[in-house]
Amino acid sequence: MPLLKENNGYTVDDIYALPEGERAELLDGKIYDMAPPTSTHQFLLGDLHYSIRDFILNHEGSCQVAMAPFAVFLNDDDRNYVEPDLSVICNPSKIDEKGCHGAPDWIIEIVSPSSERMDYVVKQFKYRTAGVREYWVIDKPLQKVTVFDFENDKMFEYDFTQKIPVTIYNGELEIDLSRFA
(Lines give C-alpha, C1' and ligand atoms only; values in the text may rest on other atoms or scores of the structure.)
Protein backbone atom coordinates (compact mmCIF):
# COMPACT_ATOMS: atom_id res chain seq x y z
CA MET A 1 0.00 0.00 0.00
CA PRO A 2 2.55 2.62 -1.02
CA LEU A 3 1.22 6.11 -0.44
CA LEU A 4 2.63 8.06 -3.34
CA LYS A 5 4.70 6.29 -5.96
CA GLU A 6 6.05 2.81 -6.48
CA ASN A 7 9.78 3.54 -6.39
CA ASN A 8 12.10 2.94 -3.44
CA GLY A 9 13.61 6.43 -3.46
CA TYR A 10 11.86 8.09 -0.53
CA THR A 11 13.75 9.29 2.52
CA VAL A 12 12.96 10.59 5.98
CA ASP A 13 12.83 14.11 4.46
CA ASP A 14 9.75 12.99 2.48
CA ILE A 15 8.08 11.84 5.73
CA TYR A 16 8.73 15.24 7.30
CA ALA A 17 7.32 16.94 4.16
CA LEU A 18 3.91 15.23 4.48
CA PRO A 19 0.95 17.55 5.10
CA GLU A 20 0.19 18.42 8.73
CA GLY A 21 -1.63 15.59 10.49
CA GLU A 22 -0.78 12.97 7.90
CA ARG A 23 1.18 10.01 9.29
CA ALA A 24 3.18 7.47 7.35
CA GLU A 25 6.06 5.05 7.77
CA LEU A 26 9.07 4.50 5.56
CA LEU A 27 10.48 1.02 4.93
CA ASP A 28 13.36 0.53 2.52
CA GLY A 29 12.52 3.79 0.77
CA LYS A 30 8.79 3.07 0.32
CA ILE A 31 6.17 5.20 2.05
CA TYR A 32 3.19 3.49 3.69
CA ASP A 33 0.28 5.53 4.99
CA MET A 34 -1.11 4.92 8.47
CA ALA A 35 -4.82 4.74 9.18
CA PRO A 36 -6.12 6.60 12.23
CA PRO A 37 -6.39 4.31 15.28
CA THR A 38 -9.73 3.20 16.72
CA SER A 39 -10.81 4.05 20.24
CA THR A 40 -10.31 0.41 21.32
CA HIS A 41 -6.77 0.55 19.93
CA GLN A 42 -6.06 3.70 21.94
CA PHE A 43 -7.52 2.32 25.20
CA LEU A 44 -5.48 -0.87 24.81
CA LEU A 45 -2.37 1.18 24.03
CA GLY A 46 -2.92 3.37 27.08
CA ASP A 47 -3.26 0.35 29.39
CA LEU A 48 -0.10 -1.22 27.97
CA HIS A 49 1.87 2.00 28.35
CA TYR A 50 0.71 2.41 31.95
CA SER A 51 1.52 -1.22 32.90
CA ILE A 52 4.99 -1.14 31.37
CA ARG A 53 5.88 2.33 32.68
CA ASP A 54 4.64 1.41 36.16
CA PHE A 55 6.80 -1.73 36.17
CA ILE A 56 9.89 0.20 35.05
CA LEU A 57 9.39 2.91 37.69
CA ASN A 58 8.70 0.42 40.50
CA HIS A 59 11.86 -1.50 39.63
CA GLU A 60 13.98 1.63 39.24
CA GLY A 61 14.69 0.65 35.66
CA SER A 62 16.44 2.85 33.15
CA CYS A 63 14.31 1.93 30.14
CA GLN A 64 11.95 4.44 28.55
CA VAL A 65 8.58 3.55 27.07
CA ALA A 66 7.16 5.66 24.24
CA MET A 67 3.75 5.59 22.57
CA ALA A 68 3.09 6.45 18.95
CA PRO A 69 3.56 8.86 17.41
CA PHE A 70 7.22 8.40 18.31
CA ALA A 71 9.88 8.23 15.59
CA VAL A 72 12.10 5.18 15.38
CA PHE A 73 14.95 5.36 12.87
CA LEU A 74 15.66 1.63 12.63
CA ASN A 75 18.84 1.65 10.62
CA ASP A 76 21.74 4.01 10.20
CA ASP A 77 20.20 5.41 7.03
CA ASP A 78 17.45 7.77 5.94
CA ARG A 79 15.27 5.10 4.26
CA ASN A 80 13.63 3.51 7.34
CA TYR A 81 11.32 5.35 9.73
CA VAL A 82 8.59 3.68 11.76
CA GLU A 83 6.18 4.68 14.51
CA PRO A 84 5.50 1.52 16.53
CA ASP A 85 2.51 1.64 18.83
CA LEU A 86 4.87 1.12 21.79
CA SER A 87 8.65 1.20 21.96
CA VAL A 88 10.74 0.28 24.99
CA ILE A 89 14.28 1.63 24.76
CA CYS A 90 16.83 0.60 27.39
CA ASN A 91 19.86 2.41 25.98
CA PRO A 92 19.43 6.15 26.66
CA SER A 93 22.12 7.06 24.12
CA LYS A 94 19.70 5.99 21.35
CA ILE A 95 17.17 8.68 22.28
CA ASP A 96 17.21 12.34 21.27
CA GLU A 97 14.56 14.97 20.58
CA LYS A 98 13.78 13.45 17.18
CA GLY A 99 13.15 9.93 18.53
CA CYS A 100 15.03 6.64 18.78
CA HIS A 101 18.07 6.02 16.59
CA GLY A 102 18.53 2.28 16.29
CA ALA A 103 16.44 -0.67 17.40
CA PRO A 104 14.32 -0.40 20.54
CA ASP A 105 14.61 -3.38 22.88
CA TRP A 106 10.88 -4.19 22.73
CA ILE A 107 8.25 -3.15 20.20
CA ILE A 108 4.50 -3.69 20.38
CA GLU A 109 2.21 -3.27 17.39
CA ILE A 110 -1.59 -3.46 17.69
CA VAL A 111 -3.00 -4.88 14.47
CA SER A 112 -5.66 -3.10 12.49
CA PRO A 113 -7.37 -4.72 9.48
CA SER A 114 -5.25 -2.63 7.12
CA SER A 115 -1.95 -3.41 8.88
CA GLU A 116 -1.99 -7.22 9.22
CA ARG A 117 0.55 -7.97 6.50
CA MET A 118 2.78 -5.09 7.60
CA ASP A 119 2.75 -6.11 11.28
CA TYR A 120 3.04 -9.89 10.88
CA VAL A 121 5.41 -10.05 7.92
CA VAL A 122 7.14 -6.86 6.79
CA LYS A 123 7.76 -5.27 10.18
CA GLN A 124 8.61 -8.56 11.83
CA PHE A 125 11.45 -9.02 9.35
CA LYS A 126 12.62 -5.38 9.64
CA TYR A 127 12.54 -5.42 13.44
CA ARG A 128 14.39 -8.71 13.66
CA THR A 129 17.15 -7.67 11.27
CA ALA A 130 17.48 -4.24 12.94
CA GLY A 131 18.19 -5.84 16.34
CA VAL A 132 14.90 -5.55 18.25
CA ARG A 133 15.06 -8.06 21.10
CA GLU A 134 11.32 -8.71 21.54
CA TYR A 135 8.35 -7.95 19.28
CA TRP A 136 4.66 -8.34 20.09
CA VAL A 137 1.78 -8.31 17.62
CA ILE A 138 -1.54 -7.81 19.40
CA ASP A 139 -4.58 -8.87 17.38
CA LYS A 140 -7.70 -7.68 19.23
CA PRO A 141 -10.28 -9.22 16.83
CA LEU A 142 -8.61 -12.65 17.21
CA GLN A 143 -7.93 -12.09 20.95
CA LYS A 144 -4.36 -13.21 20.28
CA VAL A 145 -0.87 -11.95 21.07
CA THR A 146 2.08 -13.26 19.09
CA VAL A 147 5.39 -12.81 20.89
CA PHE A 148 8.61 -12.96 18.91
CA ASP A 149 11.61 -13.50 21.19
CA PHE A 150 14.30 -12.68 18.67
CA GLU A 151 17.16 -13.11 21.15
CA ASN A 152 16.29 -16.77 21.70
CA ASP A 153 14.79 -17.38 18.25
CA LYS A 154 11.40 -18.36 19.69
CA MET A 155 7.79 -17.47 19.05
CA PHE A 156 4.84 -17.81 21.44
CA GLU A 157 1.12 -17.26 21.09
CA TYR A 158 -1.19 -16.23 23.91
CA ASP A 159 -4.85 -15.37 24.16
CA PHE A 160 -6.27 -12.42 26.07
CA THR A 161 -7.18 -14.60 29.08
CA GLN A 162 -3.53 -15.49 29.76
CA LYS A 163 -0.93 -13.38 31.51
CA ILE A 164 1.85 -12.75 29.01
CA PRO A 165 5.45 -12.81 30.30
CA VAL A 166 7.84 -10.22 28.94
CA THR A 167 11.01 -11.94 27.80
CA ILE A 168 13.35 -8.95 28.12
CA TYR A 169 12.38 -8.77 31.81
CA ASN A 170 12.85 -12.54 32.32
CA GLY A 171 9.12 -12.97 33.00
CA GLU A 172 9.15 -10.60 36.01
CA LEU A 173 6.66 -8.44 34.12
CA GLU A 174 3.48 -10.10 32.95
CA ILE A 175 0.90 -8.23 30.87
CA ASP A 176 -2.78 -8.85 31.58
CA LEU A 177 -5.13 -8.08 28.68
CA SER A 178 -8.18 -9.86 30.15
CA ARG A 179 -10.00 -6.52 30.45
CA PHE A 180 -10.09 -6.47 26.63
CA ALA A 181 -11.25 -10.09 26.20
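This report looks at three neighbouring strands and at a charged surface patch in a predicted model.

## Strand β10 and its surroundings

Strand β10 covers residues 144-149, and because five of its six residues are buried, the strand is largely enclosed by the rest of the structure. Buried here refers to a relative accessible area under 20%.

## Pairing with β9

Strand β9, made up of residues 134-139, runs antiparallel to β10, and six bridges join the two. Within this pairing, D139 is found opposite K144 of β10. The two strands form a hairpin in which four residues lie between them, and in that turn Q143 has a positive phi of about 55°.

## Pairing with β11

Strand β10 is also joined by six bridges to strand β11, which spans residues 154-159 and runs antiparallel to β10. One pair that can be located in the structure is V147 with F156, the latter being the bridge partner of V147 in β11. Here too the strands form a hairpin, with four residues between β10 and β11, and D153 takes a positive phi near 55° in this hairpin.

## A patch of negative charge

On the surface, a patch of negative charge is formed where D13, D76, D77 and D78 gather. Of these residues, D76 can be described further: D76 is placed in the loop between β4 (72-73) and β5 (86-89). The relative accessible area of D76 is 84%, so this residue counts as exposed, a word that applies to values over 50%.

Methods. Residues are numbered from 1 along each chain as its sequence is written. This is a predicted model: local features need pLDDT of at least 70, side-chain atom pairs count only at pLDDT 80 or more; totals for chains, interfaces and linings use all residues. Side-chain values use heavy atoms; hydrogens and water are left out. Buried means under 20% relative accessible area, exposed over 50%, partly exposed in between (1.4 Å probe, protein chains only). Two strands pair if DSSP finds at least two bridges between them. Patches are made of residues with over 30% relative accessible area and no salt bridge: like charges are joined within 9 Å, nonpolar side chains (Val, Leu, Ile, Met, Phe, Trp, Tyr) within 5 Å. Accessible areas come from the Shrake-Rupley method with a 1.4 Å probe; for residues, only the protein chains shown count as cover. A salt bridge is a side-chain nitrogen of Lys or Arg within 4 Å of a carboxyl oxygen of Asp or Glu. Lys and Arg count as positive and Asp and Glu as negative; His and the chain ends are not counted. The place of a charge is taken as NZ of Lys, CZ of Arg, CG of Asp or CD of Glu.
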